[in-house]
Structure formats: C-alpha cells, structure tokens
Amino acid sequence: MDSGYEDYQLEAAISKIFASEAAWFVTDEAIQILGGMGYMRSMGLEKVMRDIRIFRIFEGTNDILRLFVALVGIQYAGGHLRELQKAISDPISNFGIVMGEVAKRGKGAVGIGSGNSLAGDVHPNLSEAAALTCKAVDAMGQTVEKVLIKHGKGIINEQFVLNRLANATIDLYANSCVLARCTKSLNEGVESAHHEEMMTKVWCNESYARIMDNLNQLKNPEVLDNFKTMAKISEGVCAKVAPVQGNPLGF
C-alpha cells in the first residue's frame with residue numbers, strides 16, 4: 001500500500017485472517033499458562049479474550065475470507081490453463097509455449113522444481129528456509145492445476161478443498177513476510193537478528209509441513225471421500241435443523 005499498489009485485497013484478507021487467529025491463540029495460551037490467575041480481572045487477559053473474539057467475525061468472517069483467498073489465488077492458474085488450451089489447439093503456431101509446458105511438467109513429474117528462486121533475495125543464512133518455501137510454491141502450483149482440471153468452474157462449491165488451499169496460501173504468504181523481515185534485520189545487523197533468524201527457520205520448517213499436509217490431503221482418496229461424507233452429514237443436520245442422532249441419555 002505504501003508503494004502505491006492499488007490491488008491488495010488478497011494480502012489484506014490474508015493479514016486479517018492470520019492476525020486475528022494469532023491474537024486469539026496467543027491470548028488463549030497466555031491464560032492457560034497463568035492457570036486460574038488468567039481468569040482474574042486484575043491480569044487483564046479476560047478482557048482481551050472477550051474483545052478479540054469478534055475479530056474473527058467482523059470485517060468479513062475468516063471462513064468467508066478463506067474462500068475468497070483460495071478463489072482469488074487460483075484465478076491466475078485458471079487463466080494460465082485457458083491460454084495453454086488455446087496453445088495446444090494450434091501447436092504449430094504456439095510451439096514454444098507448448099514445449100515450455102511439456103518441459104515444466106516433465107521436470108515436475110521427476111521431482112525437479114524451479115529451484116531456490118528466492119536465493120538472491122534473502123540473507124544467505126536463510127537460504128534453506130527460502131528453498132523450502134520455493135518447494136512449497138511448486139507443490140502448490142501443481143495441486144491448484146490438478147484441482148482446476150478436475151473441478152473446473154465447480155470448484156466454487158468445493159469448500160473443503162478451498163479451505164485447504166487457503167490455509168496453504170496463508171502459510172506461504174507468512175513465509176515471505178518472515179523471510180523479508182529477518183533478511184532486513186540480518187543485513188542491518190540489529191541486536192535481535194540472531195533471535196529472529198532462529199524464529200524464522202522454525203516457522204518456515206513448520207509451515208512447510210503444514211502446507212504439504214494440506215496439499216497432500218487433496219490427493220488422498222480417503223480424505224476426499226471423507227469430504228463427501230461430511231457434506232452429506234451437514235445436509236442431514238440442515239434438513240432436520242437439529243442433530244440427526246438421538247441423545248444417549250434420552251434427553
């Protein structure tokens with residue numbers, strides 16, 4: 001925004017989701033650490049918890065914003081696939097485009113990604129963390145293409161799928177933020193640089209695991225079947241406007 005960019009809806013949505021959920025998690029953990037004292041008004045945390053709960057609801061609920069993040073994020077991939085379809089329909093005129101895609105997919109099939117494209121933008125101490133982020137970006141791109149090919153325009157109704165794509169996108173954006181901030185601290189030699197470096201490496205390692213878990217779920221037939229089953233369970237509850245099963249105590 002400070003640089004004059006006018007299109008920052010996606011970044012704003014991600015920032016709202018991340019910040020509101022991080023605030024809730026930190027406050028909940030703080031109360032847990034303090035035990036019974038966390039409930040006391042004198043500590044101030046009970047008011048913080050009541051106040052921040054609304055953050056995940058107003059200015060767009062985080063649930064709806066996740067759908068927005070996923071759908072906006074895959075628009076580029078959808079446009080790219082449409083251009084590729086046009087190129088394939090006339091392969092002679094678009095030979096370079098077609099062969100470029102063949103080469104890219106061939107590398108992906110044997111596990112060769114785009115490499116560490118962030119290496120020149122981050123501090124050398126963070127090269128491994130940056131490489132993990134690049135690896136996750138490659139995996140994200142492959143997954144999004146497969147999802148779009150499978151569902152087409154019907155992707156807007158696949159909320160379980162979109163939720164996992166959104167979670168992966170949010171982690172990728174957070175990765176870029178922590179890498180950029182830590183690189184600045186290291187380059188400037190600030191006092192906390194080493195501490196920030198440790199935090200950045202832990203964050204990138206753990207976020208990579210989360211990203212791959214979310215993306216791998218979209219390839220797992222059992223998980224996808226569970227999505228369909230959960231949708232049917234939800235339909236049953238909505239149809240009855242109450243839990244379908246009876247209470248074990250007979251109430």
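Below is a chat about a predicted model of a protein chain.

Colleague: What does the secondary structure of the protein chain come to?

Modeller: Nine helices and zero strands. Keep in mind that this is a predicted model. Read along the sequence, the pattern is α-α-α-α-α-α-α-α-α.

Colleague: And how much of the protein chain is buried residues?

Modeller: Buried residues account for 30% of the 251 residues.

Colleague: What about contacts, how many join residues at least 24 apart?

Modeller: Take the contacts between residues at least 6 apart in sequence: 68% of those join residues at least 24 apart.

Colleague: OK, helix packing. At what angle do α7 and α8 pack?

Modeller: About 165 degrees, with the axes 9 Å apart. Helix α7 covers residues 159-188 and helix α8 covers residues 193-217.

Colleague: Are they roughly parallel or roughly antiparallel to each other?

Modeller: Roughly antiparallel, because angles over 145 degrees count that way. The crossing of α7 and α8 is left-handed.

Colleague: What kinds of residues make the contact of α7 with α8?

Modeller: A mix: 13 nonpolar, seven polar and six charged.

Colleague: And on to α6 and α7, how do their axes cross?

Modeller: At roughly 155 degrees, and the axes come within 11 Å. Helix α6 is residues 127-151. With an angle over 145 degrees, α6 and α7 are therefore roughly antiparallel to each other. Their crossing is left-handed.

Colleague: Which residues make that contact of α6 and α7?

Modeller: From α6 you have A129, A130, T133, A136, V137, M140, T143, V144 and V147. From α7 the list is V161, L165, A168, T169, L172, N175 and L179.

Colleague: How does the contact of α6 with α7 divide into nonpolar, polar and charged?

Modeller: It has 12 nonpolar residues, four polar and no charged.

Colleague: Switching topic: how many disulfides does the structure hold?

Modeller: Zero disulfides. Take C182: the nearest cysteine sulfur is that of C204, 8.8 Å away. A disulfide needs the sulfur atoms within 2.5 Å, so C182 is in no disulfide.

Colleague: Is C182 buried or exposed?

Modeller: C182 is buried, because its relative accessible area is 1% and the cut-off for buried is under 20%. C134 counts as buried too, at 5% relative accessibility.

Colleague: Now α3. Where is R66, and is R66 buried or exposed?

Modeller: R66 is in helix α3. R66 has a relative accessible area of 14%, so it counts as buried.

Colleague: What does R66 touch?

Modeller: Leaving out residues up to four places away in sequence, R66 touches I17, E21, N163, A166, N167 and I170.

Colleague: And L71, where is that one?

Modeller: L71 also sits in helix α3, which spans residues 62-73. At 29% relative accessibility, L71 counts as partly exposed.

Colleague: Why partly exposed and not buried for L71?

Modeller: Because buried means under 20% and exposed means over 50%, and L71 at 29% falls in between.

Colleague: Which residues does L71 touch?

Modeller: I155, I156 and L162, again not counting residues up to four places away in sequence.

Colleague: How far apart are L71 and L162 in sequence and in space?

Modeller: They are 91 residues apart in sequence and 7.4 Å apart in space, C-alpha to C-alpha.

Terms used: Residues numbered from 1 in each chain as written. Predicted model: local features only at pLDDT ≥ 70, side-chain atom pairs only at ≥ 80, totals over all residues. Heavy atoms only, no water. Buried < 20%, exposed > 50% of the residue type's maximum accessible area, 1.4 Å probe, protein only. Axes fitted to C-alpha atoms, helices over the stretch in contact; angles between N-to-C directions. Helix = DSSP H or I, 4+ residues; strand = E, 2+ residues; numbered from the N terminus. Parallel < 35°, antiparallel > 145°, perpendicular 65-115°, else oblique. Left-handed = near helix turned anticlockwise from the far one by under 90°. Nonpolar A, V, L, I, M, F, W, Y, C, P; charged D, E, K, R; others polar. Contact = heavy atoms within 4.5 Å.
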